[in-house]
Amino acid sequence: MNSPAQAGGSVSNEIRIEYMTSAEIGAAIGGGARTAVLPLAAIEQHGRHLPLSMDADHADELAVRIARRLGGALVLPTVRVGYSPHHLRFPGTLSLRASTLEATCEDYGANLTAAGFERMVVFSGHIGNCPVMSEFTPRLERKLKPLSVIVFTDGEAIIGAWRRAAEDVASLGSNVGGHADVAETSVMLVLHPDKVRTDHFTRGYTGIVDKELLARTFHDGIDSVTPNGILGDPEGASKAIGEACLDAVTSLIVDYAQTRGA
Ligand SMILES: [Zn+2]
């Protein structure tokens, strides 16, 4: 089943460039599309109940929602593998070096001005990319000039938005921890319910997730905080929470991009 953002889509309203022809992209730019949205992601463990594609599937969906809300925007292909060294002890996890992620963003943006775009909005479906993105943003802005580069790096704001959404919908804000929790699991129930192993829900670390704890997961590996690789608890996951989380994070990133001129 197609995700909501794609449902009912016809070729003529496709906005993901990899599924468009070059002529269609040229026509869209000619018609006023000046923003390119670049979704970053990860291929990393998400407990025993979610596949490694969680953040990439999430980024695919958020990118389309963000671009439609911004208007005049096309979506670049999701960079599916991200910066995940803190998950490497779990089989299957892949990780780019921070320098590779930065170079990839630079190369994705390098030809956009020549193609007619004026700005690139970068965000991540994987919160673990945010510190790396914060660090490289000034260099990316400088290197890609005159392209305007808008990078959303506030991972704590995303976790906060999830917590409010889960609390509002089902009084489950305390099950949000930021990784394979009730928020991410609910999002996957919206996008690809067949990918959720509902018989394998297990509770992870449910203490306070703050800068200090996140720094510890980055430094010592996420398994030093939570042996099963989960921050939060998937229990209570539902499509209603997933929709609320998708809406909340879309708004967060769209609002930020608009204050920066998108
Ligand atoms: Zn995730």
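How are the donor residues of the zinc ion spaced in sequence? The spacing is H-x8-D-x128-E, where donors are N, O and S atoms within 2.8 Å of the metal (3.2 Å for Na, K and Ca), and sites may look incomplete because water is not among the atoms.

This is a predicted model, in which local features need pLDDT of at least 70 and side-chain atom pairs count only at pLDDT 80 or more, while totals for chains, interfaces and linings use all residues. Residues are numbered from 1 along each chain as its sequence is written, and side-chain values use heavy atoms, with hydrogens and water left out.

**Zinc site**

Coordination of the zinc ion is provided by His46 (NE2), Asp55 (OD) and Glu184 (OE), Glu184 (OE) being listed twice, at 1.9 to 2.7 Å. The arrangement is irregular because the 4 donor atoms subtend angles of 53 to 130°; four donors would count as tetrahedral if all angles lay between 85 and 135 degrees, or as square planar if opposite donors were over 155 degrees apart and all others between 65 and 115.

Two of the donor residues are buried (under 20% relative accessible area, with a 1.4 Å probe and protein chains only):

| Residue | Relative accessible area |
|---|---|
| His46 | 0% |
| Glu184 | 2% |

**Helix contact**

The axes of helix α2 (residues 54-70) and helix α7 (residues 182-191), lines fitted to C-alpha atoms over the stretch in contact, come within 10 Å and cross at roughly 65°, on a scale from 0 to 180 degrees between N-to-C directions. Helices are DSSP runs (H or I) of at least four residues, numbered from the N terminus. Contact (heavy atoms within 4.5 Å) involves residues including Asp55 of α2 and Glu184 of α7.

Technical notes: Helices (H or I, at least four residues) and strands (E, at least two) are DSSP runs, numbered from the N terminus. Four donors count as tetrahedral if all angles lie between 85 and 135 degrees; four count as square planar and six as octahedral if opposite donors are over 155 degrees apart and all others between 65 and 115; anything else is irregular. Buried means under 20% relative accessible area, exposed over 50%, partly exposed in between (1.4 Å probe, protein chains only).
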